[in-house]
Amino acid sequence: MKRTLKSLVIGTAAAIAVATTAPAGTLDDVKKKGFVQCGVSQGLPGFSNPDDKGNWTGLDVDVCRAVAAAVFGDPNKVKFTPLSAKERFTALQSGEVDMLSRNTTWTATRDTALGLNFAGVNYYDGQGFMVRKSLGVTSAKQLGGAAVCTNTGTTTELNVADYFRANKMQYEVVAFEKSDEVVKAYDEGRCDVYTTDRSGLAAQRLKLKNPDEHIVLPEIISKEPLGPVVRQGDDQWFDLVKWTLFAMVNAEELGVNSKNVDEMKKSNNPAIKRLLGVEGKFGENLGVSNDWAYNIIKHVGNYGESYDRNVGPKTPLGLARGLNALWNKGGIMYAPPIR
Ligand SMILES: N[C@@H](CCC(=O)N[C@@H](CS)C(=O)NCC(=O)O)C(=O)O
């Protein structure tokens with residue numbers, strides 16, 4: 001609690017400083033200290049989750065590891081700071097973390113007034129509702145009068161207010177800062193509905209006593225483009241995080257993955273040559289070595305590999321690619337070209 005208050009004060013000061021003095025140099029700082037400090041969620045299976053040995057995995061964790069691989073050629077040169085939704089922005093503004101990769105929705109306010117920059121989208125999502133099957137509800141439109149469990153400091157809170165107001169339904173919010181408190185309250189029946197990003201519902205459902213007794217309703221009530229975030233005013237670091245994500249998406253599009261990347265270095269395809277640093281000085285222009293993307297792909301994989309490993313149909317989350325499929329495969333995942 002104390003830390004939250006302190007970082008809130010620092011966070012406010014830093015936000016003002018960001019807006020006026022534009023401090024830079026995160027890449028140099030990261031190189032000097034030898035690791036990336038990455039803000040992640042406190043435990044969201046498939047996205048950022050520690051095992052019993054403190055080893056973090058997930059789609060969001062992979063973005064942190066990919067940045068470490070781009071800077072150091074080593075995906076392990078990263079330290080993780082678990083942050084609640086409420087704490088996350090002050091932690092980034094104050095410099096406690098170098099970047100945030102934590103199921104964070106790109107919104108206008110966050111991208112402007114908070115002094116932050118979104119480096120892209122690593123998961124296109126939308127907000128949904130989960131209920132007990134025994135409630136007998138099949139549509140969110142039947143939720144009038146419900147007690148709704150959710151997290152504080154999120155877009156979720158705001159969307160649910162909009163949705164119930166627009167549909168002229170009464171509701172009661174039961175909100176907590178920590179996600180596990182939300183899960184517990186919902187599981188204990190203190191609320192009828194659990195609402196968050198649909199990917200979050202798929203992840204948190206796994207923590208319930210009897211996951212099969214719950215269903216996610218069909219309505220998707222918002223756009224939640226989730227992606228990594230950096231401080232405003234540091235274009236070099238912004239570029240690096242942005243192009244790390246783009247490299248993973250471009251690698252999938254070009255058919256380059258962690259298994260074939262060494263072979264692919266011999267490819268005649270000029271786009272692959274540029275991606276892997278065989279031609280051009282794209283890494284140098286980012287302030288890292290020219291094999292930056294090779295290192296990302298070799299050690300972390302392309303976007304599709306990361307998706308399949310962490311959240312895809314063969315994982316406990318079982319999320320279909322949907323919107324997150326590549327733009328030429330029916331989705332909207334698209335990266336500008338490396339040239
Ligand atoms: N995408 C929304 C919601 C993000 C959010 O914090 N969701 C909760 C519920 S899924 C969460 O991440 N919990 C995991 C944790 O705090 O470790 C936002 O950016 O405001």
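Visitor: How many residues of domain 1 are in contact with how many residues of domain 2?

Guide: 18 residues of domain 1 are in contact with 14 residues of domain 2, where contact requires C-beta atoms, placed from the backbone, within 7 Å. This is a predicted model in which local features need pLDDT of at least 70 and side-chain atom pairs count only at pLDDT 80 or more, while totals for chains, interfaces and linings use all residues. Residues are numbered from 1 along each chain as its sequence is written.

Visitor: What makes domain 1 and domain 2 the divisions of the protein?

Guide: The bounds come from an automatic or database domain assignment, which gives domain 1 (2-124 + 226-329) and domain 2 (127-222). Their C-alpha centres lie 29 Å apart.

Visitor: Why is the protein called as compact as a globular protein of that length?

Guide: The globule rule is 2.2 Å times the number of residues to the power 0.38, and the radius of gyration is taken over C-alpha atoms. For 339 residues the rule gives 20 Å and the radius of gyration of the protein is 20 Å, so the protein is as compact as a globular protein of that length.

Visitor: What makes a residue buried, and what percentage of the 339 residues are buried?

Guide: A residue is buried if 20 or more other C-beta atoms, placed from the backbone, lie within 10 Å of its own. Buried residues make up 48% of the 339 residues.

Visitor: Which residues are closest to the ligand?

Guide: 20 residues surround the ligand, each with its backbone-placed C-beta atom within 6 Å of the ligand. The closest are S41, Q42, A85, S179 and G200. Domain 1 and domain 2 each supply at least three residues of this shell.

Conventions. Buried ≥ 20, exposed ≤ 12 C-beta atoms within 10 Å, placed from the backbone. Contact = placed C-beta atoms within 7 Å.
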